[in-house]
Amino acid sequence: MTLQLIGTFIILLVTIILFISNRIRVDLVAIMALLAFVIFGILEPAEALAGFSNSVVIMIAGLFVVGAGILRTGLAQMAGNLLLKWSGDSERKLFFLLLTIVAGVGAFMSNTGTVALMLPVVVSIAISIKESPSKYLIPLAYIGSLSGLLTLIASPPNLIVSQTMEDYGLGKLGFFQITPIGVIAIVVAIIYLFLVRNTVIPKNKSKGNSSETSQISTKQLAEDYHLGGNLFRVKVENDSKIVESPLADLRTPKQYQVFVLKIERHASEGLRILPITYQEMAGPNSIIHAGDVLFVQGSAEKVSQFANDNGLTIIKEKSEANHLVTKELGMVEVLLTPHSSFINKNIASIGFREKYNLNVIGINRKGNYVLSDMLMQPLRFGDALLVQGSWEDIELLSKETQDVVVVGQPKEYASKASANGKAPIAGAIMLLMVVLMIFEVFPAVVSVLIGAVLMIITGCLRNMDDAYSEMNFESIVLIAAMLPMATALEKTGGMELISTGIIDLLGGFGAMGVLIGVYWLTIIFGQVISNTATAVLFAPIALNAALAIDANPYTFAMMVTAASAMAFLTPFSSPTNALVMTAGGYKFFDFVKVGMPLQIIMFIVMIIVIPILYPL
């Protein structure tokens, strides 16, 4: 055994111990391992950094963006809510439908994203039918993990195994090649979880809190402030007196008690092949043009007087408040801080619009909503102001802590506003991506990047910053940094040594014995380190073992893929388990109690099914 081989095993052992201890972030541990391989001369820098240019890593980053588009547009939520309604008052039907929905959504989203999406829905439904949410949350986590076996893109281990097979010259996995195994695993798991739901699964009192459920939507804000009856749209006619006038010169707030909030105008430049409408925040320097549509706030009497005096036409009375929330413009509530300089001053004197480029369109004073005659109202501590303007300005305001505090998360509001009504577009993009991958029109990574780019340019995600914020860089860096570990094992002979050890130990039982050994090693490691890291380590080991005994490498590859998805025994063996642990009020042993029988059942099923589908 060479010094480099010994060094590789030492680095591998220390890496696993650090993963298990959970004292250092896993991505940092992976980078430390990467550096160790270079420092001790086991890998060249180019070999160590090759993972960051690997197509699998790029593909996973793209899938985070696609999944975020599906989430932001509400496509997954719509499908989930629709199917959940079909259950009616039947607890049994609800249980089956819930887990079926999770599996369906998880086929095209990350399992972590799927569980995070469904968690608040499950908790609220369980409470509404007077059931303990903990009865549903462990099943949610387990089926979320198994949904990764339904398509090639549903889980990073699938992509890693596929890439490893391609590296060995065996060809990559097809988009639905693993689907039969996934369907069988999910059906078996749902039946098991249904049978033990009232006995083995604990029924704890759950906190059931979600950051998303605590936020007030912009629609709710509009309803609370009764904006609908005070918003109007008026059109500027060609002969209007205010054409080409700056908004500041009109003095609409003081003269009419009317506030111009937004200006909508048609494009006046370019080829104008298609009608394009621009929307902009109304500011003091905004110039009014003929044909503009002004969104104004005020009483019907005052708006009518403003329109009559200036040659304007009221297009529609009582305009919907949701017109104030678009991809560019938003609306949030802000609270005055105890030491705010605005206290005891009125809105006219604090220059809120001039300072923040935002409109104050309402005051909430202990449940009493002030929408008219606001300019001269002295502000008091405890007042909440409803402000409207561009999302960029609102986000800047959220960083202000001296005078006001923004309620909620403007970035989340902006993202949802941008994606509002675009669920069909997100669905079409997802379908296009899947079709491109099924028919292999382009390499898989290109098809995923096409889907990711379309999610951004169609507005399913607000912008590139929004897309970047949705990427789980911890997972991306972990995968990129762990991939060269397989290179180190291969280069030093470690891969051959491990596979030979498995063959020597279990080879007497034939190919089936070696297959069982690979499965249980993958399972054991998968309980203490991430399934991604497990797949990186054992995919090449399994293929080496298969080739050494002249067995079908596809059988071994599928066994590693399946085993990587079955981390049921500990709360930290999978992000899905960790997500539901706190919400369900579970203890460590709850996962062992529910997961151990399922782990054994799945082993029996997989050891029968996989060799049938892929004969040894």
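Which residues is Thr-151 in contact with, once its neighbours within four places in sequence are left aside? In this predicted model, Thr-151 lies in the loop between helix 8 (134–146) and helix 9 (156–167), and its contacts beyond those neighbours are with Ala-107, Phe-108, Asn-158, Phe-175, Phe-176, Ile-178 and Thr-179. Thr-151 has a relative accessible area of 2% and therefore counts as buried, the cut-off being under 20%.

The chain to which this loop belongs has 28 helices and 10 strands, and 54% of its 616 residues count as buried. Among contacts between residues at least 6 apart in sequence, 78% join residues at least 24 apart.

Tyr-192 gives an example of two parts of the chain that are separated in sequence and brought together in the model, for its C-alpha atom is 7.3 Å from that of Leu-598, although the two residues are 406 residues apart along the chain. Tyr-192 belongs to helix 10 (residues 179–196) and, when residues up to four places away in sequence are not counted, it touches Lys-593, Val-594, Pro-597, Leu-598 and Ile-601. With Val-594 there is also a specific approach, in which the side chain of Tyr-192 reaches the backbone oxygen of Val-594 at 2.7 Å. The relative accessible area of Tyr-192 is 10%, so this residue is buried.

A second loop residue may be read in the manner of Thr-151. Ser-240 is found in the loop between strand 1 (231–236) and helix 12, where its relative accessibility of 7% is why it counts as buried. Not counting residues up to four places away in sequence, Ser-240 touches Asn-310, Gly-311 and Leu-312.

Helix 4 (residues 55–72) allows a check on helix geometry: at 1.5 Å a residue, its 18 residues should span 26 Å, and because its end C-alpha atoms are 26 Å apart, the expected and modelled values agree. This helix is mostly covered, with 15 of its 18 residues buried, and just after helix 4 comes Gly-74, which takes a positive phi of about 85°.

The description can now turn from the residues to the spaces between them. Rolling a probe the size of a water molecule over the atoms shows where empty space is left. The second largest pocket has a volume of about 530 Å³ and a lining of 20 residues, among which Pro-253, Phe-259, Arg-353, Glu-354 and Leu-375 lie nearest its centre. Several elements contribute to this lining, and at least two residues each are supplied by helix 12 (247–250), helix 13 (252–256), strand 2 (259–266), helix 15 (347–350), helix 16 (352–356) and strand 7 (359–365). In chemical character, the lining of the second largest pocket divides into 13 nonpolar, three polar and four charged residues.

The structure also holds three cavities of 30 Å³ or more, and the largest cavity has a volume of about 50 Å³. The largest cavity is lined by Asn-111, Ser-145, Ser-155, Asn-531, Ser-564, Ala-565, Met-566, Ala-567 and Ser-574, a set that divides into three nonpolar and six polar residues, with no charged ones. The lining of the second largest pocket, by contrast, includes four charged residues.

Conventions. Residues are numbered from 1 along each chain as its sequence is written. This is a predicted model: local features need pLDDT of at least 70, side-chain atom pairs count only at pLDDT 80 or more; totals for chains, interfaces and linings use all residues. Side-chain values use heavy atoms; hydrogens and water are left out. Helices (H or I, at least four residues) and strands (E, at least two) are DSSP runs, numbered from the N terminus. Buried means under 20% relative accessible area, exposed over 50%, partly exposed in between (1.4 Å probe, protein chains only). Contact means heavy atoms within 4.5 Å. A polar contact is a pair of N or O atoms within 3.5 Å; within protein, one must be able to donate a hydrogen and the other to accept it, and residues adjacent in sequence count only if both atoms are side-chain atoms. On a 1 Å grid over the protein atoms alone, a cavity is a set of points where a 1.4 Å probe fits but cannot get out, and a pocket is an open set with protein on both sides within 12 Å along at least five of seven lines; lining residues have an atom within 4 Å of a point. Grid points are joined across faces, edges and corners, and a volume is the space filled by probe spheres set on the points. Ala, Val, Leu, Ile, Met, Phe, Trp, Tyr, Cys and Pro count as nonpolar, Asp, Glu, Lys and Arg as charged, and the others, Gly among them, as polar. The expected span of a helix is 1.5 Å times one less than its number of residues.
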